[in-house]
Every structure is written in structure tokens, then in C-alpha cells.
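Reader: I should be grateful for a close look at a single part of this model, taken slowly and with its surroundings. Please begin with the strand pairing and then follow the connections outward.

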Amino acid sequence: MIIILLGPPGAGKGTQAQRIETKQGLVQLSTGDMLRAAVAAGTEVGKKAKAFMEAGKLVTDEIVIGIIADRIDEDDCKNGFLLDGFPRTVAQAEALDNMLARKDLKLDVVIEMKVDDAALVDRITGRYTCANCNQGYHDVNLKPKVDGVCDNCGSTNFKRRADDNRETVSSRLEAYHAQTAPLLPYYKAKGILKVVDGMADIDDVTAQINEVLGSLS
Ligand code: AMP
């Protein structure tokens, strides 16, 4: 199965992607995670992407299309994958269509996670992850069961993203509305767009997504 999770920054794509990955045994491909790893490792891609990311702007199509094209060639993508944060422009969506057509694969569903802009700033500025296993948390909405200890792996090290600050969030939202929202009519026209209410509780959103996925098989 090939799935795209689409929605603004802070909609909960990463959280839900982790859950789908576990339940469906699909590998999660997050271009944001891949770019952050490239920046941390100081690769050529990382050097090119860093300034765009810090400004809350989209990295060039050429860079992200190249990353995804290489990644979906790997063995663990053979049984399908879940895209989180890609595509983000119509040019990326068209490039993905071409990549899949060349491999004789088809996109099964695009799930839009709909969230009000007003809720996103608090969601983004409060979020953090376990530095060891990447489990996501939030200062208010999703605390670890034991303060300061990851529920999943017991680590006591946590990290926050450099771009999860108020200034960058508004640029990221602008980029979403100007460049990514046009993908909604693009996929609607193909008849594969499903919408879930991303304002609901995390477990409720998971249930909505499971229902969508269940209706496909
Ligand atoms: P994310 O973790 O998905 O919020 O992505 C973090 C940042 O990485 C974004 O603000 C962009 O600068 C960059 N990025 C991630 N995915 C893409 C993409 N598909 N196209 C362009 N830029 C991207």
C-alpha cells in the first residue's frame, strides 16, 4: 500500500505516521526527518537545505525529489510506504506520479488531516521528541507517563526542532497554503483524497485513519 499523509505543519502527520507504520508494517518516509539528518551530518544536500529550513521555506523540488527517488528504490519500500511531508508542491506530486508509473506502482490513498490554523502554533511550539527513539510528545497535550522519561524506550533525553518556533511557524503555514494546499484539488480530481478531522483527539484521528485504510482493502 502507498499512502500520503497531507496536512499543515503541526497537523499530527508524524504522530499518526508512526502509528500506521507500526500497525500496517509500512515504512514511514519523512522528507523532513531525512533533511534534518542530512543537515546534522553536514552532507551536500544538508548544506543546501539548511537555510531554507531555518527560514521555514520549502527546500527546492529538485533536492526532495532526488531524496525520495533514491529512498523508494530501497528494499524496505518493496511492500509499500507511507509518505509524510512529501509531496509538498504540484511539481513534486507530478514527479512522484512518474516515479510510481515507472515502477508500475500506484498511489492508494491521500489522507488530508484538516486542522484550524489557530491550533497549529500551540501544537508546534509545544512539541518535542525522544532523542533516542523519536517518539513524539507535547508540553500540554501529550506528556510522557513519567515526567522526563520516554514511555517507549525509557530514555531521559529529549529534543526540540530548531524550526519549531513562533517566527518560523508563520512562514511554514504560508508555504503550506501557497504551495501545498493546491495538492488537495490535484488528488481530489484523481478520486483518491480522503479527509480526516485532525482537530480530534490523537486516538480518535488514528481511528478515523484506520477506518479509511480499512475501507480500501
Ligand atoms: P517537516 O518535518 O515535514 O515539517 O519539514 C521540515 C522542513 O523541511 C520544511 O519546513 C521544509 O523546509 C523542509 N521540507 C520537508 N519536506 C519537504 C518537501 N517535500 N519539499 C520541500 N521542503 C521540504
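Author: What follows treats one sheet first, and then other sites in the same chain.

The model is predicted, and the description below should be read in that light. The part chosen is an open sheet of three strands, arranged in the order E6-E5-E7 with antiparallel pairing. Its edges are formed by strand E6, residues 136-138, and strand E7, residues 158-159, each of which pairs on one side only. Strands of a sheet may in general pair in a parallel or an antiparallel manner, through backbone hydrogen bonds.

Each of the two pairings can be described residue by residue. Between E5 and E6 there are three bridges, in the antiparallel sense. One of the pairs is Arg127 with His138, the latter being the bridge partner in E6. On the other side, strand E5, residues 127-130, is joined to E7 by two bridges, and these strands also run antiparallel. Thr129 has Lys159 as its bridge partner in E7, and Cys130 has Phe158.

The connection between E5 and E6 deserves attention of its own. These strands form a hairpin with five residues between them, and within this hairpin Asn134 takes a positive phi. The value for Asn134 is near 75°, in a residue other than glycine. Most residues other than glycine have a negative phi. Asn134 sits in the loop between E5 and E6. Is Asn134 buried or exposed, or something in between? Because its relative accessibility is 29%, Asn134 counts as partly exposed.

From strand E6 one can step to a remote part of the sequence. Gly136 and Thr15 are 121 residues apart in sequence, yet their C-alpha atoms are 6.4 Å apart in space. Thr15 belongs to helix H1, residues 13-24. With a relative accessibility of 28%, Thr15 counts as partly exposed. Another residue to be considered here is Thr206, which lies in helix H9, residues 202-216. Neighbours within four places in sequence aside, Thr206 is in contact with Gln16 and Arg19. Thr206 has a relative accessible area of 14% and is therefore buried.

A second set of strands offers a contrast in direction. E2 and E3 run parallel and are joined by four bridges. Within this pairing, Val27 stands opposite Phe81 in E3. Strand E2 comprises residues 27-30; Val27 and Leu29 point one way, Gln28 and Ser30 point the other way, and all are buried.

The loop after E3 has its own backbone feature. Phe86 and Pro87 are joined by a cis peptide bond, with omega about -5°. Most peptide bonds, by comparison, are trans. Pro87 is placed in the loop between strand E3, residues 81-84, and helix H5, residues 90-102. In the loop between H5 and strand E4, residues 109-114, one finds Asp104. Asp104 has a positive phi near 60° although it is a residue other than glycine. Its relative accessibility is 72%, so Asp104 counts as exposed.

The ligand site completes the account. How many residues surround the ligand? There are 16, and the closest are Thr31, Arg36, Lys57, Gly85 and Gln92. Helix H2, residues 31-41, supplies the largest share of this shell, namely four residues. Sorted by class, the shell has six nonpolar, four polar and six charged residues.

Three polar approaches to the ligand may be listed with their distances. Arg36 places a polar side-chain atom 3.0 Å from an oxygen atom of the ligand. For Gly85 the atom concerned is a backbone N or O atom, which lies 2.8 Å from a nitrogen atom of the ligand. Arg88 has a polar side-chain atom 3.0 Å from an oxygen atom of the ligand. Taken alone, the ligand exposes 480 Å², and the protein buries 96% of that.

Definitions and conventions: Residues numbered from 1 in each chain as written. Predicted model: local features only at pLDDT ≥ 70, side-chain atom pairs only at ≥ 80, totals over all residues. Heavy atoms only, no water. Pairing = 2+ DSSP bridges. Near = heavy atom within 4 Å. Polar contact = N/O pair within 3.5 Å; in protein donor to acceptor, adjacent residues only side chain to side chain. Areas by Shrake-Rupley, 256 points an atom, 1.4 Å probe, with all protein chains shown as cover. Nonpolar A, V, L, I, M, F, W, Y, C, P; charged D, E, K, R; others polar. Buried < 20%, exposed > 50% of the residue type's maximum accessible area, 1.4 Å probe, protein only. Contact = heavy atoms within 4.5 Å.
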